[in-house]
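Colleague: Could you take a close look at one part of this model for me? I would like to hear about the salt bridges, and what surrounds them.

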Amino acid sequence: MLKKPSNDEEEYFARAEIERRRALALASNHKLEDAERDRLQQLHHMKCPKCGYDLERIDFRGVGIDKCFHCNGTFLDAGELELLAGHAEENLVHKIAHVFKR
């Protein structure tokens with residue numbers, strides 16, 4: 001003879017089912033977010049965020065930067081500003097050090 005599950009057992013299995021469904025919903029949401037992110041990246045890749053025209057990659061002081069020749073905007077990727085600032089700072093530090101070496 002089967003025994004009816006207790007309220008604690010029913011609650012345990014109900015919570016487990018809720019967690020399973022929540023995990024499935026989150027996974028589905030992440031999948032949609034990834035697909036939407038990829039779609040937007042393809043749509044906007046190398047487009048000027050200001051005017052929408054094409055960006056062209058140019059070399060400036062050894063760093064590749066994105067330039068819009070329509071609105072004259074200049075755009076940097078992550079870390080490029082630090083690279084450019086590092087070049088200027090390095091030259092300044094060397095100039096200052098050169099003064100004190102005399």
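Modeller: Happy to; here is a walk through the salt bridges, with the network around Arg57 at the centre. This is a predicted model, in which local features need pLDDT of at least 70 and side-chain atom pairs count only at pLDDT 80 or more, while totals for chains, interfaces and linings use all residues. Residues are numbered from 1 along each chain as its sequence is written, and side-chain values use heavy atoms, with hydrogens and water left out.

The structure holds nine salt bridges (a side-chain nitrogen of Lys or Arg within 4 Å of a carboxyl oxygen of Asp or Glu). Arg57, Asp66, Asp77 and Glu80 are joined in a network of them. Within it, Asp77 pairs with Arg57, with 3.4 Å between the closest N and O atoms. This pair links distant parts of the chain, 20 residues apart: Asp77 sits in the loop between strand S3 (74-75) and helix H2 (80-101), and Arg57 in strand S1 (residues 56-60). Helices (H or I, at least four residues) and strands (E, at least two) are DSSP runs, numbered from the N terminus.

Arg57 also meets Glu80 in a salt bridge, at 3.0 Å from N to O. Because Glu80 belongs to helix H2 and Arg57 to strand S1, this contact ties together parts 23 residues apart in sequence. Glu80 is buried, with a relative accessible area of 7%, whereas Arg57 is partly exposed at 46% and Asp77 is partly exposed at 39%. Here buried means under 20% relative accessible area, exposed over 50%, and partly exposed in between (1.4 Å probe, protein chains only).
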